[in-house]
Amino acid sequence: MTGWILDSFRMRQRTGWTPARVTIAQLIALAAPVAVSLAERGAAQIAVVLTAALTCLIWELAFDLIRGRSLSLHTATVALIFAILVPATVPAWQIVVAVSLGVVFGELVFGGRGYGIVSGAAAAVGFLVFSFTGTELAASSEIMALATLPGLALLLGGGLVSWRNLVSV
């Protein structure tokens, strides 16, 4: 995926996937894990999802206005991945700081989707865990693992994830 994600023309020519369609597919793939996260962790997890989503949207809007681009919702996937990995006990200000640093320095500074050196969600989680002592990632469950399977099938079937990456792990 890394070879063609940078060139949206070649991406459309080869597969029919546009950046907007990739984002929609990713959001659909994340729907079940987010639902499980909300069901397992309760109503407090809604605050994590909304805080991460709002922070990502503000930074995406700021960078798109500066660059003169139309608004992209790619950072919504970053927010959802972050919310799945973070427990509801994390204070909102720590979420805002971690997501801001992760999205800006992990992705947007380098030009947005496909140009960054690390995923914005991975950078945000890394900032959160290493910057704030005592912060741990949310516990995973069997239900969460099963909830990722439909999304995996969608992304594999669409050619957005290579089966070679899964086998090599």
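The following exchange goes through the fold, cores and selected residues of a predicted model.

Colleague: What secondary-structure elements does the protein chain contain, helices or strands, and how many?
Modeller: From the N terminus on, the elements run α-α-α-α-α-α-α-α-α. The strand count is zero, and the helix count is nine.

Colleague: What percentage of the contacts with a separation of 6 or more joins residues 24 or more positions apart?
Modeller: One pair of residues 24 or more positions apart is L85 and V125, which are in contact. Over the protein chain, the share of such pairs among contacts with a separation of 6 or more is 71%.

Colleague: How much area does the protein chain expose, and what part of it do carbon and sulfur atoms supply?
Modeller: Of the 169 residues in the protein chain, 40% are buried. The protein chain exposes about 9400 Å², and the part supplied by carbon and sulfur atoms is 70%.

Colleague: Which element gives the largest share of the largest nonpolar core?
Modeller: This core has 29 residues, and A52, C56, F82, I95, V99, V103 and L128 touch the most other members. Two or more residues each come from α3 (19-41), α4 (44-67), α5 (74-85), α6 (92-106), α7 (120-131) and α8 (142-157). The largest share is six residues, and the element that gives it is α5.

Colleague: Which residues does V103 contact, leaving aside its neighbours within four places in sequence?
Modeller: V103 is among the core members that touch the most others. Leaving aside neighbours within four places in sequence, its contacts are C56, W59, T75, V78, L108 and G120.

Colleague: How many residues are in the second, separate core?
Modeller: In soluble globular proteins, nonpolar side chains tend to be buried together. Here a second core stands separate and includes W17, A25, A29 and L160. Its residue count is six.

Colleague: How are α3 and α4 oriented to each other?
Modeller: The axes of α3 and α4 come within 7 Å and cross at roughly 140°. An angle over 145 degrees would count as roughly antiparallel, and 65 to 115 as roughly perpendicular. The crossing falls in neither range, so α3 and α4 are oblique.

Colleague: What classes of residue make up the contact of α3 with α4?
Modeller: On the α3 side are S37, L38 and R41, and these meet A44, Q45, I46 and V49 in α4. By class, the residues in this contact are four nonpolar, two polar and one charged.

Colleague: Is T51 buried or exposed?
Modeller: T51 is found in helix α4. Not counting residues up to four places away in sequence, T51 touches A92, I95 and V96. Its relative accessible area is 17%, and the limit for burial is under 20%, so T51 is buried.

Colleague: What distance separates the C-alpha atoms of W93 and T51?
Modeller: W93 has its place in helix α6, while T51 is found in helix α4. W93 is exposed, with a relative accessible area of 52%. The two residues are 42 apart along the chain, and their C-alpha atoms are separated by 9.0 Å.

Colleague: Which residues does L85 contact, leaving aside neighbours within four places in sequence?
Modeller: L85 is found in helix α5 and is partly exposed, at a relative accessible area of 33%. Its C-alpha atom is 9.3 Å from that of E136, 51 residues away in sequence. The contacts of L85, with those neighbours left aside, are V125, L137 and A138.

Colleague: How far apart in space are G159 and W17, C-alpha to C-alpha?
Modeller: G159 lies in the loop between α8 and α9 (163-168), and at 43% relative accessibility G159 counts as partly exposed. W17 belongs to the second core. G159 and W17 are 142 residues apart in sequence, and their C-alpha separation is 9.4 Å.

Notes. Residues are numbered from 1 along each chain as its sequence is written. This is a predicted model: local features need pLDDT of at least 70, side-chain atom pairs count only at pLDDT 80 or more; totals for chains, interfaces and linings use all residues. Side-chain values use heavy atoms; hydrogens and water are left out. A nonpolar core is a set of buried Ala, Val, Leu, Ile, Met, Phe, Trp, Tyr and Cys residues joined through side-chain atoms within 4.5 Å. Buried means under 20% relative accessible area, exposed over 50%, partly exposed in between (1.4 Å probe, protein chains only). Helices (H or I, at least four residues) and strands (E, at least two) are DSSP runs, numbered from the N terminus. Contact means heavy atoms within 4.5 Å. Axes are lines fitted to C-alpha atoms, for helices over the stretch in contact, and angles run from 0 to 180 degrees between N-to-C directions. Angles under 35 degrees count as roughly parallel, over 145 as roughly antiparallel, 65 to 115 as roughly perpendicular and the rest as oblique. Ala, Val, Leu, Ile, Met, Phe, Trp, Tyr, Cys and Pro count as nonpolar, Asp, Glu, Lys and Arg as charged, and the others, Gly among them, as polar. Accessible areas come from the Shrake-Rupley method with a 1.4 Å probe; for residues, only the protein chains shown count as cover.
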